[in-house]
Amino acid sequence: MTAELVRGQNHPLTQTRLEIRVSAGKPVVAGATLSDEQGTVQGAEWVVHPGSPTLPGLEVSKQAAADHRLAVDLGVLPETVHRVSVLLALPVGVGGPVCFGAVAAPFVAVTGLDGSEVASYTITGLDAESAVVALELYRRQGAWKVRAIGQGYAGGLAELLSDQGLTGAAGQLAQAINDAVTQGLARSVAAPPPRTSDETRVRTASPGAGATGAGGSGAQGGPGMAQPPAGSPDAALSAGSVSPMDPRSAASGAQPAPGGGGAPSPGGPVNYTHPRRQTAAPPPPPPTATPAGSGQPVQPVAGDATGWSMEERLYNQVWGMFEDLARTAAAYRSAVDFADSRMEQELDKALSDPRSRIGGTGDAARAAARAKHAQLVDQAREVLDRDIAQLRAEADVVEPALPPAYARWDNPVWHAYRAPTEIPMALRLGDLHLPERTDLRIPMLVRLPLERGLWIDSGRSSSATTSFADSGQLRRLAMDAAVAHAARLIAAYPAGEFTVHVIDAAGSGAGPLAPLVAAGVLDGPPAVGAAGVSGVFAKLTQRVDLVQMAIRSGATDALPPDLDTAQQLLIVNDFPGGFDDRAVTQLRYLADEGPDVGVHLMLVADREDAAAYGPLLDPLWRSLLRLTPVPDDHLADPWVGHAWTYEPPLVPPGSQVLHDVMNQVAAARRPWNR
Amino acid sequence: MTVNMTKGQAISLQKNDGGTLTAVRMGLGWQAAPRRGLFGTRTREIDLDASAVLFADKQPVDVVFFRHLVSDDGSVRHTGDNLVGGVGQGGDDEAILVDLQRLPVHIDQLVFTVNSFTGQTFQEVQNAFCRLVDETNGQELARYTLDGGGAYTAQIMAKVHRAGSGWQMTALGTAANGRTFQDLMPSILPHL
C-alpha cells in the first residue's frame with residue numbers, strides 16, 4: 001500500500017534497505033546530505049553527489065538524468081547520522097531548464113528492494129527554484145521515517161547546502177558537484193535525445209488496436225484532455241445540493257486507452273508514460289498581468305491562471321472567477337445579515353427601555369442604530385463593488401478570448417468555427433449570475449466527456465419569469481435549449497466522434513430539431529412511436545453491455561468491427577411519452593451505466609408527466625444535472641452554496657450561427673462517410 | 001525580530017516601516033512526547049488541530065477548521081489537517097492563512113485555538129508552539145510557546161482584532177478542554 005505523501009507528511013519505514021526513485025522529466029542531479037541530531041551537515045564528506053557518489057549506506061548516480069535510483073541502506077549509516085535529505089538540482093550551464101517551474105513536477109518514490117512502493121511524493125508548487133530538498137529520511141526513537149519536504153531554493157545548490165549547515169564550503173561544493181555533472185555529460189556518448197512529449201508516444205503505441213477498440217473512450221485518451229485537478233469543483237456543481245466528486249468521473253477519465261495503457265499491442269513499443277501525467281513538455285508561460293501603477297488595480301488578462309494549455313488556463317480562470325464571485329458575495333451577505341440583526345436588537349432595546357418613552361432619547365437611539373446599520377452596509381457594498389468591478393474587468397477580457405466550446409453563441413469565434421481535431425476539456429452549459437449583480441455572468445463550464453446526463457426541465461418552476469409561459473410554450477423552449485446544447489456537443493467533438501440519437505415519440509419536437517435534421521448530423525431521423533423507442537434502446541443497451549464486457553475482460557480489440565466507437569448522446573423528448581415499463585428500465589440502465597462507456601443522456605421532460613411512477617424515478621432525476629429553458633435559480637456553487645441563476649445558452653433570435661456551424665460539422669464528416 | 005509573547009501580552013501588527021500587514025499566517029507545530037516505560041519506542045500519535053473562529057461583535061460568524069478549510073468569504077484558509085505532528089524541526093504542522101485585507105468588514109476579531117482531537121493532554125506534547133508570521137516576507141512576528149503542558153486538551157492561543165485602521169494580536173494562552181472548537185466556545189467568549 002503506497003502512501004501518497006503531501007508536503008510535510010511523514011510515513012514510517014519498516015525496511016532499512018530501500019531504493020529512492022526519482023522521475024523529473026528533464027535531467028536533474030540527485031544527491032543526499034547526512035546530518036546529525038541537530039540537523040547540521042558536518043562537512044563536505046557528509047554529502048553524496050555525482051562527484052562523490054558513494055558513502056557507507058548510500059549511493060547516487062554519477063550523472064544528471066531524468067530518472068534516478070538512489071540506493072539506501074539505513075542500517076549501515078553511522079550512529080551519528082540522524083537525517084538523510086534527498087536533494088534534486090537542475091544542472092547549471094548545460095543549456096537545460098534553469099528553474100523547476102519550467103519542468104514537470106518531480107516525482108519521488110521510496111520503494112523496497114523488491115520494487116514495492118512504500119511512499120511517494122510529487123513535488124508541486126516549485127517555481128523559480130533550481131534546487132530542492134525532496135524528502136528526508138530521519139531517525140526517530142530507533143526507527144526510520146520518511147517525510148515529504150519539497151523545500152526549494154532559488155539560489156540553487158549553494159543556498160540549499162548552506163541552509164543545511166555547510167555555511168563555509170557550500171559554494172565550493174556546489175561548484176564541484178556541477179563540474180562533476182558537466183564532465184559526466186561530456187563523457188557520455190551523446191546528449192540524451194530530446195524527450196518527445198508523452199502524447200506522441202501514446203500515439204505510437206496505439207495504431208491497430210485504437211481504431212477498432214476505442215470503445216467510446218477513444219477520445220478520452222486524446223491529447224489535451226488533461227485529468228481534472230484534484231478537488232476540481234466541476235463535478236460538485238449540482239442541482240440544489242453539493243455532491244462530492246463522483247468517483248466514476250475519475251474512473252472514466254482514467255480508463256485505460258486500448259492499446260495504450262491497457263494491453264500493449266504485440267510488437268509495438270510499450271507505453272511507459274505516467275497514466276496521470278499527460279505531458280512532460282513545459283507549457284508556454286501564461287500571460288501575466290502587467291504591473292499597474294500604485295493604487296491602481298492590476299489590469300486583468302485572459303488566461304491568467306495555471307494550466308498546460310491556453311484552454312486549460314481559461315478553464316481554471318473561469319472557475320477562479322466563479323469562486324471569487326461566490327466568496328465576495330458571501331462576505332457581503334454575511335456583513336449585511338449581521339448589520340440587520342444588530343439593528344433589530346438595538347431597536348428592540350430602544351423600544352423596551354422605559355427612559356426612551358419620554359423625550360427624544362428613543363428617537364435618537366433608533367436613529368443611531370439605523371446610522372450604524374447604514375454605515376456597515378455601505379462599507380460592505382463598497383468592498384463588493386470594488387471586487388465586482390475587478391471581476392467585470394476580467395470577464396470583459398476573458399469572454400472574447402474563449403474558444404468555441406466555452407463561448408456564447410453570440411461570440412464571433414463561432415463564425416470562424418471549424419471542426420476541431422481533439423475534444424475540448426470542457427463545455428459551456430450556460431451562464432450563472434447572482435442577484436447582487438445580474439450583468440456579471442460567469443460561464444458555466446463542465447468537463448467533457450459529460451459525467452452526468454442532462455435534464456432539460458420543461459415543467460413549470462417556481463421562478464416568476466416562467467409564469468407567463470403556458471405549458472406548450474415551455475416545452476418548445478425546452479426543446480430549443482436541448483437542441484442548442486446538443487449542437488454545442490456535436491460541434492465540440494471532432495468530426496465523427498459524436499453520434500446523436502433522438503427519441504421523439506410524439507413527434508412534438510420536430511420544429512426545434514429541424515436544424516439538426518436538415519444538416520444531417522443526427523444518427524438517423526428522430527425515432528417516433530413505441531417501435532422507434534424500443535429500437536433505439538435495443539441498440540444503445542447492447543452497445544453499453546458490449547463495451548462494458550470488453551473493458552472488464554480487457555478485450556477491447558474483440559469488439560465487433562461495425563460498432564460505432566464515437567461518444568453517443570441520446571436525446572429523449574417528452575419523457576415518458578411513448579415509454580413502457582421496459583423502456584423506462586432501459587433508460588435507467590443507460591443513465592447509470594452509460595457515462596462510463598461514452599453513452600450520455602439528455603432528457604427533455606416535465607417531472608409531473610412521470611408522476612404516475614411515484615418515487616421510483618426519483619433516483620433518475622437526482623442523477624441528472626437539471627437545466628432549465630428559462631432563467632432559474634436552482635444551481636448551487638460548491639463552496640458556499642449560494643443559489644445561482646442559470647441561463648441557458650440559447651441561440652440569439654434570428655441568428656444563423658447554429659445552421660452554419662451544423663453545416664460545417666456535416667461538411668467535416670463527409671470524408672469519413674458518416 | 002521575533003517577539004516571544006507571554007500570556008495576555010498584546011502587540012500591534014504594524015510593520016517596522018509603519019505599513020500595515022496584509023496577510024498573516026498562524027502556524028502551529030508540535031511533537032508527540034515520548035512515553036517512559038517498557039515500550040518507550042511506541043509513540044502514540046497525537047492529533048492537534050488548529051482552528052480560527054471569526055467574530056463580529058462577539059457573535060461567531062464563521063469558523064475555519066479541518067472540516068471547513070476555507071471561510072465562506074475566502075479570506076481565511078487552513079492548509080490542511082495534520083494528524084501526527086512534526087518531528088521537532090520547528091516547522092509549522094498546521095497553518096491558517098489570513099488575508100487581513102479581505103476579511104469582511106463586519107469581522108472584528110479572530111480567535112485561534114488548538115485542540116487535541118485524539119484526547120491526549122498537553123502533558124504528552126512537546127515543543128508545541130503557535131506563531132504569527134507575516135506571510136508576505138516570511139518574517140516571524142510573534143511566537144507563543146505552549147509552556148508547561150498541563151492536564152488539559154485545548155488551548156485558546158491568541159486573538160487578532162481590529163484596532164483603529166490596523167490589527168492587533170493578543171496572546172491568550174488559556175487552557176480549556178474539548179475535542180473541537182465548539183467545545184471551547186464558553187471559554188472563548190470571556191476573551192472577546
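The paragraphs below look at one sheet in chain A, a helix that lies across it, and a pair of helices that pack together, all in a predicted model.

In general, the strands of a sheet pair through backbone hydrogen bonds, in either a parallel or an antiparallel manner. In chain A, 5 strands form an open sheet, and following their order we meet S17, S18, S19, S16 and S20, with parallel pairing. Strand S17 (498-503) and strand S20 (625-627) of chain A stand at the edges, and because each has a single partner strand, one side of each is left without a neighbour in the sheet. Going from one strand to the next, the twist averages 20 degrees.

The pairing at one of these edges can be followed in detail, since S17(A) joins strand S18 (residues 567-575) of chain A in the parallel sense over 6 bridges. Within this pair, Ile503(A) is found opposite Val572(A) in S18(A).

Turning to the helices, helix H8 (residues 471-492) of chain A lies across strand S16 (454-457), S17, S18 and strand S19 (599-605) of chain A, and its direction makes an angle of about 160 degrees with S19(A).

Elsewhere in the description come two helices of chain A, H9 (residues 510-519) and H13 (residues 657-669), which pack with their axes 9 Å apart at an angle of about 30 degrees. Angles under 35 degrees count as roughly parallel, and H9(A) and H13(A) are therefore roughly parallel to each other. Their crossing is right-handed. On the H9(A) side, Pro515(A), Leu516(A) and Ala519(A) meet residues of H13(A) that include Leu658(A), His659(A) and Met662(A). Sorted by class, the contact of H9(A) with H13(A) has 7 nonpolar and 2 polar residues, and no charged residues.

Conventions. Residues numbered from 1 in each chain as written. Chains lettered and ligands numbered in written order. Predicted model: local features only at pLDDT ≥ 70, side-chain atom pairs only at ≥ 80, totals over all residues. Pairing = 2+ DSSP bridges. Helix = DSSP H or I, 4+ residues; strand = E, 2+ residues; numbered from the N terminus. Axes fitted to C-alpha atoms, helices over the stretch in contact; angles between N-to-C directions. Contact = placed C-beta atoms within 7 Å. Parallel < 35°, antiparallel > 145°, perpendicular 65-115°, else oblique. Left-handed = near helix turned anticlockwise from the far one by under 90°. Nonpolar A, V, L, I, M, F, W, Y, C, P; charged D, E, K, R; others polar.
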